[in-house]
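Dear colleague,

I am passing on the structure we spoke about, together with some notes on what was found in it. Please have it open as you read.

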Amino acid sequence: MATPTIAILGTGSYVPTRVLTNEELSKKVDTTDEWILTRTGIKQRRIAAEGESTSDLAAHAAKAALIDAGLTAADIDLLIVATITPDLPMPATATIVQHKLGIGTHAACFDLNAACSGFVYGLDTASAMLASGRYRHALVIGAEKLSSVVDWKDRTTCVLFGDAAGAAVLGPTRGDGARIIATKLYSEGGMAEMLCIPAGGSANPASTATLAGDQHFIKMKGREIFKVAVREMEDAVEEILEQHAMTADQIACVIPHQANLRIIEALSKSMEIPLDRFFINVDRFGNTSGASIPLALDEARRLGRVRRGDTTLLVAFGAGLTYGAALVRW
Ligand code: UT7
């Protein structure tokens, strides 16, 4: 059997309705709209409602992606949810999303933890599984309710994050030239402590002491990560272009992880790719970790920034530290 060529057949996204502005945040912690905007480019972010969980956001995004692909839940036999904010420590959020979407028991469903690189990791994993011929259509979802793990007393992190979900349906190409050209993943595990949630796992189980010590919230060495992020993304972009004998001029649109406008600007400068070829929505949604790239990708497509025949470059970095890139033709 010939190896099938895999393409993204549809995308979808969802953000909660509640908008949290910098102005409002400046009433909760010692910060200002000016500081947040100039240091990060963020103006506002979305916050999920109480009782709205990651699987709810994921299911909304997935439904939109299925419609865009012209498929139904019955067509899906592989479901991957990339998240660091699962509904529960177990079972996998993917199984909960499966139930919400009405996907049959024939489907393999699992979560993937690669933080902000989760969607690119998911694309690589799903496309390899589909190319094996053992699965036909996959849903790859990046979904996060980061508001549930943010320390709302910590101004160095709480201004950065937001809640959202984005999804893509993958399957055999429909003969229009669309395909996932390449994916490349990396990890630098020695830097795991730079960005983590210290407690709640087997190394440091939840206890009254971990709760009292605020150990269940995101801890980040922001300044250090900034520098590493730019270097890692440069490496990922250079290598994937080189391996596929492509140049930056052939990229119609870059969809970077939306962590900080200054990181995106630094990448644009060092890679000599004009900033107007980057799709940017960090101003409206902040850093939504695993949801960041699929949310931006879906928006970019809906706004006509990604057209048939275009090649897009997705590039991510995040906790782990994980990083990676993907080249996708539409
Ligand atoms: O997707 C996950 C990967 N994570 C990231 O991408 C994060 C990468 N890092 C960043 O985006 C930036 O490093 C931050 C936005 C987190 C911080 O920006 P920075 O320019 O690196 O600031 P800094 O950490 O060096 O802090 C500068 C000053 C400090 O005060 P002092 O020591 O100079 O007196 C901070 O205490 O700004 C202070 N500060 C704030 N002031 C007002 C930190 N957070 C705030 C705040 N409002 N929210």
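Between which domains does the ligand lie? Domain 1 (6-175) and domain 2 (180-329) both contribute residues to the shell around the ligand, so the ligand lies between them; the domain bounds come from an automatic or database domain assignment.

Please keep in mind that this is a predicted model, in which local features need pLDDT of at least 70 and side-chain atom pairs count only at pLDDT 80 or more, while totals for chains, interfaces and linings use all residues. Residues are numbered from 1 along each chain as its sequence is written, and side-chain values use heavy atoms, with hydrogens and water left out.

The ligand is surrounded by 23 residues (each with a heavy atom within 4 Å of it), and the closest are T31, R223, H257, N260 and N287. Among the polar contacts (pairs of N or O atoms within 3.5 Å), a polar side-chain atom of R39 lies 2.9 Å from an oxygen atom of the ligand, and a polar backbone atom of G222 is 2.9 Å from a nitrogen atom of the ligand. Of the 960 Å² of accessible area that the ligand has on its own (Shrake-Rupley method, 1.4 Å probe), the protein covers 77%.

Away from these ligand contacts, I also looked at T85, which is buried, with a relative accessible area of 4% (buried means under 20%, with a 1.4 Å probe and protein chains only). The side chain of T85 reaches the backbone nitrogen of K145 at 2.9 Å.

With best wishes

Key
Polar contact = N/O pair within 3.5 Å; in protein donor to acceptor, adjacent residues only side chain to side chain. Buried < 20%, exposed > 50% of the residue type's maximum accessible area, 1.4 Å probe, protein only.
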